[in-house]
Amino acid sequence: SMEKTHISRRDNEGGSPRYMAPELFDSKGKITEKVDVWALGCLVVEVISNRLPHEECTSIQQVMTKTLVEKQLPFTDWRGVSFAIQRLAELCFIFPPESRGSAAQLLEALTRIRID
């Protein structure tokens with residue numbers, strides 16, 4: 001099952017495909033802390049919406065195509081997600097890693113979100 005699969009470029013690198021940033025699927029992609037920012041966006045939306053990232057995908061190949069070729073976000077259905085959380089997630093889901101939000105920017109955005 002895809003939930004138990006790890007993709008590795010080297011033995012010490014890997015990840016769960018549903019949570020992986022686009023650059024992790026590309027052998028030329030540089031791995032930085034920005035891959036964790038992408039994964040955090042996935043986790044935040046999953047916790048709030050109770051839906052998996054790329055929920056419509058059943059294989060790693062589908063996730064790769066959706067992410068790398070179609071340039072779609074891990075979530076396309078924002079039902080049950082507040083606008084503030086959606087904006088936070090979109091900061092995490094910027095495709096060029098150098099343009100993606102930093103951990104400091106995410107922390108600042110999180111401190112502004114009110115949960116009623």
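Two helices count as roughly antiparallel when the angle between their N-to-C directions is over 145 degrees. Keep that cut-off at hand for the helix pairs on this tour of a predicted model.

**Stop 1: the whole chain**

Show the protein as a cartoon. It has 5 helices and 0 strands, so a walk along the sequence reads α-α-α-α-α by the run-based numbering of helices from the N terminus. Now switch on the surface. The accessible surface comes to about 7200 Å², and 53% of this surface belongs to carbon and sulfur atoms. Of the 116 residues, 41% count as buried. Contacts can also be sorted by distance along the sequence: among those between residues at least 6 apart, 51% join residues at least 24 apart.

**Stop 2: helices α2 and α4**

Select residues 34–49, which are helix α2, and residues 83–92, which are helix α4. How do their axes cross? They come within 8 Å of each other and cross at roughly 155°. This angle is over the cut-off of 145 degrees, and α2 and α4 are therefore roughly antiparallel to each other. The crossing is left-handed.

Next, show the side chains where the two helices meet. On the α2 side, select Val37, Trp38, Gly41, Val44, Val45 and Ile48. On the α4 side, select Ile85, Leu88, Ala89 and Cys92.

**Stop 3: Ile85**

Stay on α4 and centre the view on Ile85, which lies in this helix. Is Ile85 buried or exposed? Its relative accessibility is 7%, so Ile85 counts as buried. Leaving aside residues up to four places away in sequence, Ile85 touches Val44, Ile48 and Ile113. Val44 and Ile48 are among the α2 residues selected at the previous stop. Now draw a distance from Ile85 to Leu110, C-alpha to C-alpha: the two are 25 residues apart in sequence and 8.5 Å apart in space.

**Stop 4: helices α4 and α5**

Keep α4 and add helix α5, residues 103–112. The two helices pack at an angle of about 180°, with their axes 10 Å apart. That makes α4 roughly antiparallel to α5. The contact is made by Leu88, Leu91 and Cys92 of α4 and by Gln105, Leu106, Ala109 and Leu110 of α5. Leu88 and Cys92 also appear in the list for α2 and α4, so by these contact lists they meet residues of α2 as well as α5.

**Stop 5: the aromatic cluster**

Hide the helices and select Trp38, Phe75, Trp78, Phe93 and Phe95. These residues form one aromatic cluster. How many aromatic pairs are there in the model? The count comes to 4 aromatic pairs, by a rule that requires ring centres to lie within 6.5 Å. Trp38 has been on screen before, as one of the α2 residues that meet α4.

**Stop 6: two residues in the loop between α2 and α3**

Move to the loop between α2 and α3, where α3 covers residues 60–69. Select Asn50, which has its place in this loop, and then His54, which lies there too. Phi of Asn50 is near 60°, a positive value in a residue other than glycine. Phi of His54 is near 55°, again a positive value in a residue other than glycine. Which way does each fall, buried or exposed? Asn50 has 71% relative accessibility and counts as exposed, whereas His54, at 0%, counts as buried.

**Stop 7: helix α3**

Continue into α3 and select Gln62, which is found in this helix. Gln62 is partly exposed, with a relative accessible area of 36%. Apart from residues up to four places away in sequence, Gln62 touches Glu56 and Cys57.

Then select Val63, also found in α3. Val63 is buried, with a relative accessible area of 0%. Draw a line from Val63 to Met20: their C-alpha atoms are separated by 9.3 Å, although the residues are 43 apart along the chain.

**Stop 8: Glu98**

Finish at the loop between α4 and α5, where Glu98 is found. At 65% relative accessibility, Glu98 counts as exposed. What separates Glu98 from Lys34 in space? Their C-alpha atoms are separated by 7.8 Å, while the residues are 64 apart along the chain. Lys34 takes the view back to α2, which covers residues 34–49.

How values were computed
Residues numbered from 1 in each chain as written. Predicted model: local features only at pLDDT ≥ 70, side-chain atom pairs only at ≥ 80, totals over all residues. Heavy atoms only, no water. Phe/Tyr/Trp six-rings, centres within 6.5 Å; stacked < 30°, edge-to-face > 60°. Helix = DSSP H or I, 4+ residues; strand = E, 2+ residues; numbered from the N terminus. Buried < 20%, exposed > 50% of the residue type's maximum accessible area, 1.4 Å probe, protein only. Contact = heavy atoms within 4.5 Å. Areas by Shrake-Rupley, 256 points an atom, 1.4 Å probe, with all protein chains shown as cover. Axes fitted to C-alpha atoms, helices over the stretch in contact; angles between N-to-C directions. Parallel < 35°, antiparallel > 145°, perpendicular 65-115°, else oblique. Left-handed = near helix turned anticlockwise from the far one by under 90°.
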